[in-house]
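The report below describes one protein model, moving from a pair of strands to the sheet around them and then to selected side chains. The sequence and the structure come before the text.

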Amino acid sequence: MYAQDYDEKLPFASCGGQYWTSVIQPYVKNVQMFYCPSDPGVFPGYGWNYSGCGYAPGTQWSPARTGAIYEGCSLAIYNSPGPSETFMLGDSGAPTASWQRYYLYQSATYHPRRHNDGDNYAFVDGHCKWMKDDAVNVTDMWDAD
């Protein structure tokens, strides 16, 4: 719904001091959606794939930064591997700082493995899937190009 309202672009992981959870809240209308039932004490329980779906506007840190993660990810860029094979959200873990939970990292160090030694992932096309770590370290699944 967010992408429909913003010219087919996904929200940034962080923008103007707000994380993606705040930006899409008007569409979700339920903060409980951001908690994983398997770990209800952690907010958010899911992280945004900042490297494949947009990190922050380039002007926030430096106008010299370019590329999809600083310009906003248009759904049209997901050609290879495609929206059905690119992670958007997933179970997240924060080994050091709580703000890291807002992001989905490729490194297995940040995967909480709270669901039968695996994690749940939502893809750009909207479907969800449980996967083990050895299946998620495919670089193409993390980036739009």
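## The sheet and its aromatic surroundings

In this predicted model, strand β4 (residues 87-91) and strand β5 (residues 119-123) pair in the antiparallel sense, with three bridges between them. Within this pairing, F87 stands opposite F123 of β5. On its other pairing, β4 meets β3, again in the antiparallel sense and again over three bridges. Two of the residue partnerships can be named here: W48 has L89 of β4 as its bridge partner, and G47 is matched in β4 by G90.

These pairings belong to an open sheet of four strands, whose order is β3-β4-β5-β6 and whose pairing is antiparallel. Because β3 (46-48) and β6 (128-131) stand at the edges and each has a single partner strand, one side of each is left without a neighbour in the sheet. From one strand to the next, the twist averages 25°. Strands of a sheet pair through backbone hydrogen bonds, in either a parallel or an antiparallel arrangement. As for β4, this strand is mostly covered, five of its five residues being buried.

The sheet is set in a protein that holds seven helices and six strands, which follow one another along the sequence in the pattern α-β-β-α-α-β-α-α-α-β-β-β-α. The protein has 145 residues, of which 42% count as buried. It exposes about 7700 Å², and carbon and sulfur atoms supply 51% of that area. Among contacts between residues at least 6 apart in sequence, 60% join residues at least 24 apart.

### Two residues of the central pairing

F87, which has its place in strand β4, is buried, with a relative accessible area of 0%. Its C-alpha atom lies 6.2 Å from that of V124, although the two residues are 37 residues apart in sequence. When residues up to four places away in sequence are not counted, F87 touches a set of residues that includes N49, C53, L104, Y121, A122, F123 and V124, together with M131, V136, M141 and W142.

Y121, placed in strand β5, also counts as buried, at 1% relative accessibility. The C-alpha atoms of Y121 and D91 are separated by 6.7 Å, and these residues are 30 residues apart along the chain. Leaving aside its neighbours within four places in sequence, Y121 is in contact with F87, L89 and G90 of β4, and its further contacts include L104, H111, H127, C128, K129, M131 and V136. L104, M131 and V136 are thus found among the contacts of F87 and among those of Y121.

### Aromatic pairs

The structure holds 17 aromatic pairs. In one of them, the rings of F34 and F43 have their centres 6.1 Å apart and their planes at 85°, so this pair is edge-to-face. Another edge-to-face pair is formed by Y50 and Y55, at 5.7 Å centre to centre and with 65° between the planes. The threshold for the edge-to-face class is an angle over 60 degrees, which is why both of these arrangements fall within it.

The accessibilities of the four residues in these two pairs are as follows.

| Residue | Relative accessible area | Class |
|---|---|---|
| F34 | 4% | buried |
| F43 | 23% | partly exposed |
| Y50 | 25% | partly exposed |
| Y55 | 22% | partly exposed |

Since buried means under 20% relative accessible area, F34 falls in the buried class at 4%, whereas F43 at 23% is partly exposed. Ring pairs also link residues into a cluster, whose members are Y19, W20, F34, Y35, F43, W48, Y50, Y55, W99, Y102, Y103 and Y105. The cluster therefore takes in the residues of both pairs described above, and it includes W48, the residue whose bridge partner in β4 is L89.

### Cysteines

How many disulfides does the structure hold? The number is zero. Of the cysteines, C15 is partly exposed, with a relative accessible area of 33%, whereas C53 is buried, with a relative accessible area of 0%. C53 has already appeared in this account as one of the residues that F87 touches.

Notes:
Residues are numbered from 1 along each chain as its sequence is written. This is a predicted model: local features need pLDDT of at least 70, side-chain atom pairs count only at pLDDT 80 or more; totals for chains, interfaces and linings use all residues. Side-chain values use heavy atoms; hydrogens and water are left out. Two strands pair if DSSP finds at least two bridges between them. Axes are lines fitted to C-alpha atoms, for helices over the stretch in contact, and angles run from 0 to 180 degrees between N-to-C directions. Buried means under 20% relative accessible area, exposed over 50%, partly exposed in between (1.4 Å probe, protein chains only). Rings of Phe, Tyr and Trp (its six-membered ring) pair if their centres lie within 6.5 Å; planes under 30 degrees apart count as stacked, over 60 as edge-to-face and the rest as tilted. Contact means heavy atoms within 4.5 Å. Accessible areas come from the Shrake-Rupley method with a 1.4 Å probe; for residues, only the protein chains shown count as cover. A disulfide is a pair of cysteine sulfur atoms within 2.5 Å.
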